[in-house]
Amino acid sequence: MDLVDRLRLGEEEALVQVMDNYGDLLLRTAILLVKDSFLAEEIVQDSFVIAFQKIDQLKEKEKLKSWLIIIVANGCRGKMRTWSWKNIFLFKEDNEEEHLVDEANPEDVVMIGFKNQSIHKAIHQLPYKYREVITLFYFHELSITETANVIKEKENTVKTRLARGRTLLKEILQKGGENFD
Amino acid sequence: MIDNKQQKELKRQLDSELSHFSFTKQGGVLSKTHPKTWSEKVNNWWNKEITIPLLPVGAITVLLLLTAGMILFSNDGGQQVELIERGGNIYWSDMYERKVGANES
């Protein structure tokens, strides 16, 4: 019997095994997203509880890992969500696609990161929507399509955010860490 | 545009930077999913998430408030309360009648 089936039966050992397999990875993801290790640990803890309680909602067993990432990403977004008047103007998101220009290539970002400072601290300084796609794409090595599925956005939006995120990341690394928020 | 090799390099660097963070709250998860002690069970029950459907509950609340309002107003018995002037002062008619009635008896 596989792990997901055992989780469905409510087996404690199966849950422990899932936490052993994915706990560290999910915690590091949450740290990249919320910038606070205590809050990140709380989010991951809640995510495992949710996953265990709602395991029946997982349709494809082999997608357990990406399902867990979605739960953690949603948890992080929930914690980071702040009210803003700009939420009213829904058309704002569509305009993002007009600026689809990849100004920095990943190589630049890595090389600058090596020379100056840690990349994760630079990622922390990105606005949340860029931090989210950079984390999913680079840290989780998700494809554009998979990233779009996790954050429930269009692929073009993900591409735009990645391009903009990389540019901002490069600027942050070059400047040695000024806040972009 | 997006170089797979560089994606892997960035991943490797992030892994190395974050390697000292490990998930330590397995016990916290298990106490919620598989409560063993009595206090864990009570705590679990107390913190249980419930979902309240906003629309029906909101509609029922509005209905109750309207009903309560109607009952309150209907208890007036149709008596018209108005401002009256007596001896140069302004009174509510019902209050004035109560006071005068009490003084007369």
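How many residues does the contact take from chain A and from chain B? In this predicted model, the answer is 29 residues from chain A and 24 residues from chain B.

On the chain A side of that contact, the elements giving two or more residues are α2, α3, α6 (106-115), α7 and α8. The biggest giver there is α2(A), with ten residues. Sorted by character, the chain A side has 16 nonpolar, six polar and seven charged residues.

Now for the inside. The largest nonpolar core holds 52 residues, and the members touching the most others are A:Leu26, A:Ala30, A:Val44, A:Val72, A:Ile134 and A:Leu169. Elements that supply two or more core residues include α3 (37-53), α4 (64-80) and α10 (155-175) of chain A, and α1 (4-18) of chain B is also one of them. Again α2(A) turns up, here with the largest share of the core, twelve residues. Domain 1 (1-89) and domain 2 (92-181) of chain A both contribute residues, so the core lies between them.

Take A:Val44 as a sample: setting aside neighbours within four places in sequence, its contacts are A:Gly23, A:Leu26, A:Leu27, A:Ala30, A:Val72 and B:Phe23.

Two loop residues deserve a look for their backbone. Most residues other than glycine have a negative phi, but these two have positive values:

| Residue | Phi | Loop in chain A | C-beta neighbours within 10 Å |
|---|---|---|---|
| A:Lys35 | near 70° | between α2 and α3 | 18 |
| A:Glu141 | near 55° | between α8 and α9 (144-151) | 13 |

With those counts, A:Lys35 is partly exposed, and A:Glu141 is partly exposed too.

Definitions and conventions. Residues numbered from 1 in each chain as written. Chains lettered and ligands numbered in written order. Predicted model: local features only at pLDDT ≥ 70, side-chain atom pairs only at ≥ 80, totals over all residues. Core = buried A, V, L, I, M, F, W, Y, C linked by C-beta atoms within 7 Å. Buried ≥ 20, exposed ≤ 12 C-beta atoms within 10 Å, placed from the backbone. Helix = DSSP H or I, 4+ residues; strand = E, 2+ residues; numbered from the N terminus. Domains from an automatic or database assignment. Contact = placed C-beta atoms within 7 Å. Nonpolar A, V, L, I, M, F, W, Y, C, P; charged D, E, K, R; others polar.
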